[in-house]
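Student: Please give me a close look at one part of this model, the packing of helix against helix, and then place that part in the wider chain.
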Amino acid sequence: MKYFIGADHAGIDIKTYVKELFEAKGHEVIDLGPNSKDRVDYPDYAALVCKNVLENENSKGILICGSGIGMSMAANKFDGIRAALCHNEYSAKMAREHNDANIICLGERVSGYGMIEAIVDAWDKASFEGGRHTQRVEKINALGKMKSCRA
């Protein structure tokens with residue numbers, strides 16, 4: 001599997017750790033930066049990762065910031081991206097199995113190294129179940145194409 005990874009200045013340490021975990025599992029990991037703790041804007045790196053995931057079929061993305069919230073909000077602005085903020089193994093597993101999430105978002109200031117390892121392991125092992133979840137994912141994808149929503 002090919003993974004694209006990006007972070008902001010608050011996610012550098014976990015980015016390096018996660019990259020090493022995925023490479024140890026035999027995955028190709030493309031690091032889109034940054035490579036220092038100098039202040040950067042997370043939407044810029046969310047955009048880089050999302051564009052690469054959308055342009056490379058069957059790839060996935062990993063985004064890391066201090067809380068994971070900003071990255072997930074920015075990533076979900078892209079039509080075709082289903083980014084899931086995960087703070088535990090269960091949310092990572094369900095994000096893949098039920099929501100076909102193609103990007104996982106992590107918070108360096110929220111989860112420690114042991115939990116991060118458990119999250120990415122659950123993410124890596126899980127796969128989309130399809131079936132009844134397919135229609136729901138199609139509805140999520142359709143929302144990305146809407147200009148406004150009326151009840």
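Tutor: Helices (H or I, at least four residues) and strands (E, at least two) are DSSP runs, numbered from the N terminus. The model is predicted, with local features needing pLDDT of at least 70 and side-chain atom pairs pLDDT 80 or more, while totals for chains, interfaces and linings use all residues. Residues are numbered from 1 along each chain as its sequence is written, and side-chain values use heavy atoms, with hydrogens and water left out.

On that basis the chain has 6 helices and 5 strands, and from the N terminus on its elements run β-α-β-α-β-α-β-α-β-α-α. Helix α5, residues 113-125, is a good place to begin, since its axis comes within 11 Å of the axis of helix α1, residues 12-24, and within 8 Å of the axis of α4. These axes are lines fitted to C-alpha atoms, for helices over the stretch in contact, and the angles, from 0 to 180 degrees, run between N-to-C directions.

Consider α1 against α5, whose axes cross at roughly 45°. Angles under 35 degrees count as roughly parallel, over 145 as roughly antiparallel, 65 to 115 as roughly perpendicular and the rest as oblique, so the relation of α1 to α5 is oblique. On the α1 side the contact (heavy atoms within 4.5 Å) is made by D13, I14, Y17, V18, L21 and F22, and on the α5 side by Y113, I116, E117, V120, W123 and D124. By class, this contact of α1 with α5 has 9 nonpolar, no polar and 3 charged residues, where Ala, Val, Leu, Ile, Met, Phe, Trp, Tyr, Cys and Pro count as nonpolar, Asp, Glu, Lys and Arg as charged, and the others, Gly among them, as polar.

The pairing of α4, residues 89-97, with α5 is described in a similar manner. Here the axes cross at roughly 20°, and α4 and α5 are therefore roughly parallel to each other. The residues that meet are E89, A92, K93, A95 and R96 in α4 and M115, A118, I119, A122 and W123 in α5. The contact of α4 with α5 has 7 nonpolar, no polar and 3 charged residues by class. W123 of α5 is thus listed both in the contact with α1 and in the contact with α4.

W123 also leads into the strands. Leaving aside neighbours within four places in sequence, G61 is in contact with W123, as well as with Y3, F4, V49, V53, N102, I103 and I104. G61 has its place in strand β3, residues 60-65, and with a relative accessible area of 0% it is buried (under 20%; over 50% is exposed, partly exposed in between; 1.4 Å probe, protein chains only). The C-alpha atoms of G61 and D31 are 10 Å apart, although 30 residues separate G61 and D31 along the chain.

Two further positions lie at the edges of helices. A10 is in the loop between β1, residues 2-7, and α1, and at 8% relative accessibility A10 counts as buried. Setting aside neighbours within four places in sequence, the contacts of A10 are C65, G66, E108 and R109. Y42, in helix α2, is partly exposed, with a relative accessible area of 34%, and it touches D8, G70 and M71, not counting residues up to four places away in sequence.

The loops hold some backbone geometry that deserves a second look. Most residues other than glycine have a negative phi, and most peptide bonds are trans. The peptide bond from G33 to P34, however, is cis, with omega near -5°, and P34 lies in the loop between β2, residues 28-31, and α2, residues 42-55. N58, in the loop between α2 and β3, has a positive phi near 65° and counts as exposed at 60% relative accessibility. D100, in the loop between α4 and β5, residues 103-107, likewise has a positive phi, near 50°.

As for the chain as a whole, its C-alpha atoms fill a box of roughly 45 × 30 × 25 Å, taken along the principal axes, and 46% of its 151 residues count as buried. Among contacts between residues at least 6 apart in sequence, 69% join residues at least 24 apart.
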